[in-house]
4 protein chains.
Amino acid sequence: MKDHTDQAGQDSSLREPISRKEREKRAREMEILKAARDLFVANGFRETTLDEIARHAEFGKGTIYNYFASKEELFLGIIDQTMDEVLAICNDAIAVPGDAREKFLRYASGVIRYVKENGELLHVIYHELHRGSSTVNVTKLREILDRARRGWEVLARPLTDATQNRLAGTCDPVQLAVLFDGMLRGYCFHRFSIEGSQQVEDYSDAAELITSVFFDGIAERTHEG
Amino acid sequence: MKDHTDQAGQDSSLREPISRKEREKRAREMEILKAARDLFVANGFRETTLDEIARHAEFGKGTIYNYFASKEELFLGIIDQTMDEVLAICNDAIAVPGDAREKFLRYASGVIRYVKENGELLHVIYHELHRGSSTVNVTKLREILDRARRGWEVLARPLTDATQNRLAGTCDPVQLAVLFDGMLRGYCFHRFSIEGSQQVEDYSDAAELITSVFFDGIAERTHEG
Amino acid sequence: MKDHTDQAGQDSSLREPISRKEREKRAREMEILKAARDLFVANGFRETTLDEIARHAEFGKGTIYNYFASKEELFLGIIDQTMDEVLAICNDAIAVPGDAREKFLRYASGVIRYVKENGELLHVIYHELHRGSSTVNVTKLREILDRARRGWEVLARPLTDATQNRLAGTCDPVQLAVLFDGMLRGYCFHRFSIEGSQQVEDYSDAAELITSVFFDGIAERTHEG
Amino acid sequence: MKDHTDQAGQDSSLREPISRKEREKRAREMEILKAARDLFVANGFRETTLDEIARHAEFGKGTIYNYFASKEELFLGIIDQTMDEVLAICNDAIAVPGDAREKFLRYASGVIRYVKENGELLHVIYHELHRGSSTVNVTKLREILDRARRGWEVLARPLTDATQNRLAGTCDPVQLAVLFDGMLRGYCFHRFSIEGSQQVEDYSDAAELITSVFFDGIAERTHEG
DNA sequence: CATGAATGAGCTTTCATTCAT
DNA sequence: CATGAATGAAAGCTCATTCAT
């Protein structure tokens, strides 16, 4: 049995040849990222000290530097993580069977749930991204922005079809995806930050509303019938 | 005659009791605000130092403190200014004759122009507001958020009318205003920050697009006719 | 005639050759000294700002500099004043008819009253004097210390007489004056600063006690009779 | 045997559970206190900068803050030290066999030696204490003053006995201790600060003189015999 | 002369980063 | 590798002094 387990371990290691050491290293890296993320979300990037991160991650301060070359790199690691997660939401949404409306509905509820759980992480990230912080590797920054763009491109895909989007051909579908995203983020910021409603409510209504406004608009259809 | 002159003097002094000194003081205060605003927009609040502000404003560091009790107060001064300006855009938009669509179109182009000129000032402000930076006077903070809300309420007014908004009665018009604002800010962030297109283009197209999406949605009207 | 007038002027100048302007100047100087003294006593020298002094003296800050070249000079002015007052107490005491004990009793009550009225002024002065503050003109400092010494010398005078002081000849009378002064200042510091008894009490008891200890000691006279 | 050794090890660790690290930490803390004390004595508390302290202690500025939360805390640490040392002088004096005179003689020479070695530390401390610097924790301040009082109470103890003190019953013995202390401090201030005689002289003469004045007074005993 | 706005050197304190253990 | 004490550059802020009015 023991051998078998080992072999199983080896099998998986054939795909990802990760030794125990390597696995532990990754695990510790994740723990650090988790701790830092919590604090960045709660207090912002500049406002969070490495002492706090180390204490919260239950590691020595020096250890953090064995995993991330600087506080900035640590932040970039979090952005990487986040970008992956957001991209996953996009891909998940796009995989939903049905028309664009259903895919966007899924995206909307995915994002709202994510913001509810991760707070202003996206806000903090965009804030830091925006100010091309002098120290950040410009290459790295471009790469991150590219990944953000990729999310919108994924969302834009169903909108290229004229049956899904009456504006197809007249305007950039990515643009439209950006607008949808804007509504979502506007909604989240208003609801979670300004109004601060933290009670666990159903937010599928909100997702429905936003999707409905996006696809149908709010105007009375006077010309119908 | 003497009385008359005196009274005339008093009359004008009632309207403009502002001495040259006072005027110069105000002017310098505006210069400082302008310099600080530039830097806050470019680099964020925390990342801007008072030395930089002083240098950029071409004043001594101490002078800044003669006008604003702290860096925080200076920032609050900028927020005040900004809130006034944004509220002015709202009121200007609402005063446009015609239906809600025309008012929102005006608001959209107003905001886009404002962001083009002032950069991500709003973004920076919301970022700081949100984190309720410990030192900020809580009363002051609430007051600022109230003023933000007031802007949305102004915008929401034309949406309370069912002829303007098919959703009137089913959802909060302020919510809708927030969504519209979200699209606008999403658009601006995408265009000015991410893509960084700074060339002076016409952005009435963008305003039209956003307004159109908001009122008519992007869906094909298959059921028409 | 001119000479004469001048001389008369000089003569009277010893009494009052002082023009209105000069008189007003002196008066303003005194006002500034008074205001500064109040604040130095209350808060110490370093802790008192020139803004406070100007406000309390009801003069512009620049005006202070027309009368005193620096904050330090202002402080030296106060020291001058104080030294004069303390020397006056010494001289007043020494002029009392009777033996040394009566003179010292008068000195003691004079000092206690002075400290009661002027608070820790002497303490503040000695504190600043002691640390040969780098900026203080060394000549000025020596001069001040000389004046302090002069006070003790005045007090020491009646102690040079062997009928007044059994130790005359064996120890320096100035030393003894210093010890008496030490008791006085120890008493005042303890009573006014440590215990903080501010109620207007009679302090002739204290003066009597101190004088009595100084002249008679506290030991039981077992060998009397 | 093993247990025994272990236990022995534990026993000694109970008495001295101080690791090398801990010992070194204490040693560095002492070094910082020593450096700060030197400078505070020489220049006063307000006039000493943390840069100077760091330089004189041969530590980085930040290191000081690893040991003391603020300049104020550092000063309080010094006060603690000093109060302990002064109290030790009191207790040592009181433990001397013999009558009050012998105890006070010991106290006098102890204080003179202490002041000679530590300069006007006490003067600086009292100066700061008195002005109840706004930031100082009031509780801490009261505690310090209580400790000062305790020293006087210790000294006052032998004076409660009527055979030692002809004034017992008529005046507070603590008061008398304060007067003795005043003479001592007056003497030290005069000798070490004003006159600045730094040569290593014998000062038992001074202690004798002060004690003699305190117990016997300086008056000629005309009524004797 | 009186004034007080402007000034910048200098203060205390924080914190990302290094490195000896 | 993990650690956290040591570090000093850099931050926000104060205030004695100057000088144009």
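I began at DNA strand E, where an N or O atom in the side chain of Lys71(D) sits 2.7 Å from a phosphate oxygen. I logged such pairs as polar contacts (N or O atoms within 3.5 Å; within protein, one must be able to donate a hydrogen and the other to accept it, and residues adjacent in sequence count only if both atoms are side-chain atoms).

**Ground rules**

I am working on a predicted model, in which local features need pLDDT of at least 70 and side-chain atom pairs count only at pLDDT 80 or more, while totals for chains, interfaces and linings use all residues. Residues are numbered from 1 along each chain as its sequence is written, chains are lettered from A and ligands numbered from 1 in the order written, and side-chain values use heavy atoms, with hydrogens and water left out.

**Strand E**

I listed 32 residues around DNA strand E; the nearest are Arg28(B), Gly60(B), Thr63(C), Tyr65(D) and Lys71(D). "Near" here means a heavy atom within 4 Å. Of the strand E atoms that come within 4 Å of the protein, sugar and phosphate account for 61%.

I then checked two further phosphate pairs. A backbone N or O atom of Gly60(B) is 2.6 Å from a phosphate oxygen of strand E. For Thr63(C), a polar side-chain atom lies 2.7 Å from a phosphate oxygen of strand E.

Which elements supply at least two residues each to the surface near strand E? I found H4 of chains A, B and C, together with H3 (50–57) and H4 of chain D. Helices are DSSP runs (H or I, at least four residues), numbered from the N terminus.

**Strand F**

I counted 32 residues around DNA strand F, the closest being Lys61(B), Tyr65(B), Lys71(B), Arg28(D) and Gly60(D). Sugar or phosphate holds 62% of the strand F atoms within 4 Å of the protein; bases hold the rest.

A polar side-chain atom of Tyr65(B) is 2.6 Å from a phosphate oxygen of strand F. Gly60 uses its backbone: a polar backbone atom is 2.8 Å from a phosphate oxygen in the case of Gly60(A), and 2.6 Å in the case of Gly60(D).

Helix H4 (61–67) of each of chains A, B, C and D gives at least two residues to this surface. I sorted the surface near strand F into eight nonpolar, 15 polar and nine charged residues. The classes are Ala, Val, Leu, Ile, Met, Phe, Trp, Tyr, Cys and Pro as nonpolar, Asp, Glu, Lys and Arg as charged, and the others, Gly among them, as polar.

**Chain C against chain D**

I moved to the protein contact (heavy atoms within 4.5 Å). It takes 52 residues from chain C and 53 residues from chain D. About 4,900 Å² is buried between them, 64% of it from carbon and sulfur atoms. Buried area is the accessible area (1.4 Å probe) lost on being put together, summed over both parts.

How many salt bridges link chain C and chain D? I get two, counting a side-chain nitrogen of Lys or Arg within 4 Å of a carboxyl oxygen of Asp or Glu. Arg46(C) pairs with Glu47(D), with closest N and O atoms 3.2 Å apart. I also find 14 residue pairs in polar contact across this interface, both at pLDDT 80 or more.

On the chain C side, the elements giving two or more residues are H7 (121–130), H8 (138–156), H9 (173–194) and H10 (204–216). H9(C) gives the largest share, 13 residues.

**Symmetry**

I superposed chain C on chain D by least squares (C-alpha atoms of residues with pLDDT of at least 70 in both). The RMSD is 0.5 Å, after a turn of 178° and a shift of 0.1 Å along the axis. That is the relation of a two-fold axis. Gly217(C) has the C-alpha of chain C nearest the axis, at 1.7 Å. The same surface serves both copies, as 98% of the contact residues of chain C recur in chain D.

Notes: Buried area = accessible area lost by both parts, 1.4 Å probe.
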